[in-house]
Amino acid sequence: QQVIASDPAATYKAVGGIAFKLRSYLKAHELVASGPALRNVAPKVSMWGREKDLQTILRRLPPARLERALAGLADLDAQAKVGIRSIEHGVEALLLWLGS
């Protein structure tokens, strides 16, 4: 809340950051499916030395779920820009859905 109060664009920056990470996890899935070991994939998605963390993330977030999250994020962004939905609550709901 403090960040949002000091930077009105913070929520949109958060949406961009979340989208960036979701796309990087999709890329990791594609790379792993094409053959390279996880230790070679992790640095390509900014997870140097965190292969176990990446493995856990990829197991919890299969490609179809990541694609649904990205589509939901795009919908949220569009709805927030026309005033239909609060981006803060939408981001919170998305993060809760991803964590479930």
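These legends go with a set of close-up views of one predicted model.

**View 1. The whole chain, an all-helix run from the N terminus on.** Before zooming in, here's the overall layout. The chain's secondary structure comes to six helices and zero strands, so in order it simply reads α-α-α-α-α-α. Its C-alpha atoms fill a box of roughly 45 × 25 × 20 Å along the principal axes. Of the 100 residues, 33% are buried. If you look at contacts with a separation of 6 or more, 56% of them join residues 24 or more positions apart.

**View 2. Helices α2 and α6 side by side.** Here we're looking at α2 (residues 10-33) and α6 (residues 87-99), whose axes come within 10 Å and cross at roughly 25 degrees. That angle is under 35 degrees, so the pair counts as roughly parallel. The crossing itself is left-handed. On the α2 side, the contact is made by Thr-11, Tyr-12, Val-15, Ile-18 and Leu-22. Facing them from α6 are Ile-87, Glu-88, Val-91, Leu-94, Leu-95 and Leu-98.

**View 3. Asp-77 and its neighbours in helix α5.** Asp-77 sits in α5, which covers residues 63-81. Its side chain makes a polar contact with the side chain of Lys-81, at 3.0 Å. The pair also meets as a salt bridge, again listed at 3.0 Å, N to O. Side chains of opposite charge can pair when their charged atoms come close. Lys-81 and Asp-77 are four residues apart in α5, so about one helical turn separates them. Lys-81 counts as exposed, with 57% relative accessibility. Leaving out residues up to four places away in sequence, Asp-77 touches Tyr-12 and Ile-87. Those two names should look familiar from the previous view: Tyr-12 belongs to the α2 side of the α2 and α6 contact, and Ile-87 to the α6 side.

**View 4. Lys-13 paired with Asp-7.** A search of the whole structure finds three salt bridges, and this is one of them. The side chains of Lys-13 and Asp-7 meet at 2.7 Å, N to O. Lys-13 is exposed, with a relative accessible area of 54%. Asp-7, at 21% relative accessibility, counts as partly exposed, because the cut-off for buried is under 20%.

**View 5. Arg-50 paired with Asp-53.** Another salt bridge joins the side chains of Arg-50 and Asp-53, at 3.0 Å, N to O. Arg-50 is partly exposed, with a relative accessible area of 40%. Asp-53 is also partly exposed, at 37% relative accessibility.

**View 6. Ser-46 and Pro-43 in the loop between α3 and α4.** This loop links α3 (38-41) and α4 (51-60), and Ser-46 is part of it. The backbone is worth a look here: phi of Ser-46 is near 60 degrees, a positive value in a residue other than glycine. Most residues other than glycine have a negative phi. Ser-46 is partly exposed, with a relative accessible area of 38%. Pro-43 lies in the loop between α3 and α4 too, and is partly exposed at 31% relative accessible area. To place Pro-43 against the rest of the chain, check Ala-28: the two are 15 residues apart in sequence and 9.8 Å apart in space, C-alpha to C-alpha.

Key
Residues are numbered from 1 along each chain as its sequence is written. This is a predicted model: local features need pLDDT of at least 70, side-chain atom pairs count only at pLDDT 80 or more; totals for chains, interfaces and linings use all residues. Side-chain values use heavy atoms; hydrogens and water are left out. A polar contact is a pair of N or O atoms within 3.5 Å; within protein, one must be able to donate a hydrogen and the other to accept it, and residues adjacent in sequence count only if both atoms are side-chain atoms. Contact means heavy atoms within 4.5 Å. A salt bridge is a side-chain nitrogen of Lys or Arg within 4 Å of a carboxyl oxygen of Asp or Glu. Buried means under 20% relative accessible area, exposed over 50%, partly exposed in between (1.4 Å probe, protein chains only). Axes are lines fitted to C-alpha atoms, for helices over the stretch in contact, and angles run from 0 to 180 degrees between N-to-C directions. Angles under 35 degrees count as roughly parallel, over 145 as roughly antiparallel, 65 to 115 as roughly perpendicular and the rest as oblique. A crossing is left-handed if the near helix is turned anticlockwise from the far one by less than a right angle, and right-handed if clockwise.
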